[in-house]
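Trainee: Please take a close look at one part of this model, a single residue and the helix that carries it, and then work outwards to the rest of the chain. I would like the cut-offs stated as you go.

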Amino acid sequence: MVEGHSVHRVAARHRQKLVGKKFACTSPNGRFTEGAAAISNKPFRAIEAVGKNLFAWFGSGGADDVCVHVHFGMAGNWAVFESDANGNVHEPATTATTRLRMEGGGVVSHLSAMTVKHGSRAGLYEPKRATLGEDPLREDADVERLWRKVSKSKKSIGALIMDQSCFCGPGNIYRAEILFKARIHPDQLGKDLSRAEFDKVWRHSVELLQRGFREGSILTVDPADDARYGPDLRRYVYNKSRCPICRGPVMSWDIQTRTAYACLACQPLRTVQEAPPSPKKSKKRPAASTPTKAKKAKPTPVKRFRSHCVEDAASDMSPEMLTVKELKAKLKAHGAPTDGLKSVLVARLTAL
C-alpha cells in the first residue's frame, strides 16, 4: 500500500510540475473517460494530500471546478515525463492500468490508481474529506479530536492506527514501528491508553512520516540506534525476527487481516481494571478490561519475507529471503555446492 508520506511527496512534486498548466486529457484504458473529458483543457489549479488520498482541482476557482479524487491502492503511480533540451517528451507506452493521460506545456503525465473519481466540492470532496481522520503530515491535524476518538474506543490501538477515519496516512509498516518506539502493545485498547501514551503515539507518527517525506523511504530507526544496533538496521520490528534492543523474538499476528508485529518484552500488554458497574444495572462482579478478552489470533514468531514495500539491507536478510541466484552466489563464495532446489540451498547456507 502506498503510505501517506509517499502521497504527500506526489502532491509536492505535482505542485511544481503540473499545477498552473492546462492539459489535453484522455483515458487510455477507458475507465475514466467521463472524468478526463470534464478536466480536459481546464487549468490544473491545486492539489492536496490527505493521508493516502489525493484531491486534484481543475478550473478557475469557481463553483464549476472539478475535483479528482485519487487513491493509489497497492501499486498506483502518477508519473510525469518532461521534455528534453530539444523539446521532445520521451513517453513510455500506456498500459492496461493507465486511467488518465495528460499532455500539455511540454509535459506528459500518466495516472494509474485503484480509485480515480471526479466530481464537485459538495458532491465529492466534502463527503470524502469528512470520513478522513487526522493526518500527521498536515498542519491542520486536530490532535484533540483524535484523542477524543481514541480515548472512547474499544478498538485496539493497532486497529485504530490503520483506521483512516482516525489516523490518516500510516499503514502497516508505520504501525509496527510507531508502536514499538512508543513501547505500546498493538492490542492495547484505545480507551485504556493514558494521555501520555497517546501523545507518544502521535509524536512518533509525526516524526516518522516527516522523515519518510524527507527521505522518500520508510526509515524508522533513529541515528543513535542505528549506530548502536546497526549498521543498516532501517526498521525495528517490521518483518524482523529479533528485537534489536532486547534481542528477544519479534512476534506477529493478524489484526483485522493485516499482520501486526511487536516485541512482547519491550511492548507488554497491560491489564486495566474497569470501574464497577452500577448495582442497579447489574450484580455481576466487575471483570478486568483486557484487549485479550475477545478471541484473538495467537502471536507466533515472525516468518520473514522479502518485502516489495521496503528494502532490507543485504546483510540483514536471512537465507530464506534470498533469491536462488543470491543463494548460489553466497554458497559459491563459501566453496559449497550450489545444486538443488531453493529449500536445499537455504538449508545448506543456514548450516554454514
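Mentor: Ser-205 counts as buried because its relative accessibility is 0%, where buried means under 20% relative accessible area, exposed over 50% and partly exposed in between, with a 1.4 Å probe and protein chains only. The model is a predicted one, in which local features need pLDDT of at least 70 and side-chain atom pairs count only at pLDDT 80 or more, whereas totals for chains, interfaces and linings use all residues. Residues are numbered from 1 along each chain as its sequence is written, and side-chain values use heavy atoms, with hydrogens and water left out.

Ser-205 lies in helix H7, which runs over residues 195-215; helices (H or I, at least four residues) and strands (E, at least two) are DSSP runs numbered from the N terminus. Leaving aside residues up to four places away in sequence, Ser-205 touches Pro-136, Phe-167 and Ile-178, a contact being heavy atoms within 4.5 Å. Closer in sequence, a polar atom of the Ser-205 side chain lies 2.7 Å from the backbone oxygen of Val-201. Ser-205 and Tyr-174 are separated by 31 residues in sequence, yet their C-alpha atoms are 7.7 Å apart in space.

Tyr-174 leads on to helix H6, residues 172-182, whose axis comes within 9 Å of that of H7 and crosses it at roughly 130°; axes are lines fitted to C-alpha atoms, for helices over the stretch in contact, and angles run from 0 to 180 degrees between N-to-C directions. That angle makes H6 oblique to H7, since under 35 degrees counts as roughly parallel, over 145 as roughly antiparallel, 65 to 115 as roughly perpendicular and the rest as oblique. The crossing of H6 with H7 is right-handed, that is, the near helix is turned clockwise from the far one by less than a right angle, anticlockwise being left-handed. On the H6 side the contact is made by Tyr-174, Glu-177, Ile-178, Leu-179, Lys-181 and Ala-182, and these meet Lys-200, Val-201, His-204, Ser-205, Leu-208, Leu-209 and Gly-212 of H7. By class, this contact of H6 with H7 holds seven nonpolar, three polar and three charged residues, with Ala, Val, Leu, Ile, Met, Phe, Trp, Tyr, Cys and Pro counted as nonpolar, Asp, Glu, Lys and Arg as charged, and the others, Gly among them, as polar.

Two further helices meet H7. Helix H4, residues 143-152, has an axis that comes within 11 Å of the H7 axis and crosses it at roughly 125°, which makes H4 oblique to H7. The crossing of H4 with H7 is right-handed, and here Val-143, Glu-144, Leu-146, Trp-147 and Val-150 of H4 meet Arg-195, Phe-198 and Trp-202 of H7. The residues of that contact divide into six nonpolar, no polar and two charged.

Helix H1, residues 4-17, comes within 8 Å of H7, axis to axis, at a crossing angle of roughly 45°, and that makes H1 oblique to H7. The crossing of H1 and H7 is right-handed, and its contact joins His-5, His-8, Arg-9 and Ala-12 of H1 to Leu-209, Gly-212, Phe-213, Arg-214 and Glu-215 of H7. In this contact of H1 with H7 there are three nonpolar, three polar and three charged residues.

For a second buried site, consider Asn-53, which is found in strand S3, residues 53-58, and is buried because its relative accessible area is 3%. The side chains of Asn-53 and His-69 are joined by a polar contact of 2.8 Å. Not counting residues up to four places away in sequence, the residues that Asn-53 touches include Val-7, Glu-48, Lys-128 and Leu-132. Lys-52, in the loop between strand S2 (44-50) and S3, is buried at a relative accessible area of 8%, and its C-alpha lies 9.8 Å from that of Leu-132, 80 residues away in sequence.

For the whole chain, the protein has 10 helices and 13 strands, and its C-alpha atoms fill a box of roughly 75 × 65 × 35 Å along the principal axes. Of its 352 residues, 47% are buried.

Note on methods:
Polar contact = N/O pair within 3.5 Å; in protein donor to acceptor, adjacent residues only side chain to side chain.
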